[in-house]
Amino acid sequence: MWSSYTVILHEIGVEGVAYEWFKSYLLECLQFVEVCYISDKNHKQNIRSKAQKIRFGVPQGSILGPLLFLCYLLGIAKSLKKISSKDLCVYVDDVKVKISANSQEETESLAIL
């Protein structure tokens, strides 16, 4: 994930201390899923997945989310030059890309950002 942000942050003028701050923020970002439910004995139960580093996308739930999402979109647009704009769907805070190819290897090479 960091490599897609590196180029974009430099292109929009983020350098020095600000660049290093963004880098440390994005490299150390973890996410997990937590599910709360009421057990058969009427007790509240929480189940949490193992925390994992975010490899792609934008960390959600922070004030930086919208700004980082815009940076991420700039990176996707520049990286997907082989993909038609009709195959890129952006809606609010989500991006979907449709890729068609003749083999798994070709699909993977088109999808690498």
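**Exercise 1.** Classify Asn42 as buried or exposed, and describe its backbone.

Step 1. Asn42 has 62% relative accessibility and therefore counts as exposed (over 50% relative accessible area; buried is under 20%, partly exposed in between; 1.4 Å probe, protein chains only).
Step 2. Asn42 sits in the loop that joins β2 (34–38) to β3 (44–48). Strands (E, at least two residues) and helices (H or I, at least four) are DSSP runs, numbered from the N terminus.
Step 3. The phi of Asn42 is positive, about 65°, although the residue is not a glycine. Most residues other than glycine have a negative phi.

The model is predicted: local features need pLDDT of at least 70, side-chain atom pairs count only at pLDDT 80 or more, and totals for chains, interfaces and linings use all residues. Residues are numbered from 1 along each chain as its sequence is written, and side-chain values use heavy atoms, without hydrogens and water.

**Exercise 2.** Find which side chains meet in a salt bridge, and state their accessibility.

Step 1. A search of the whole structure gives one salt bridge (a side-chain nitrogen of Lys or Arg within 4 Å of a carboxyl oxygen of Asp or Glu).
Step 2. Its partners are Arg48 and Glu34, at 3.5 Å, N to O. The pair links distant parts of the chain, with Arg48 in strand β3 and Glu34 in strand β2, 14 residues apart.
Step 3. Arg48 counts as exposed because its relative accessibility is 53%; Glu34, at 39%, counts as partly exposed.

**Exercise 3.** Identify the buried residues of α2.

Solution. The buried residues of α2 are Tyr19, Phe22 and Leu26.
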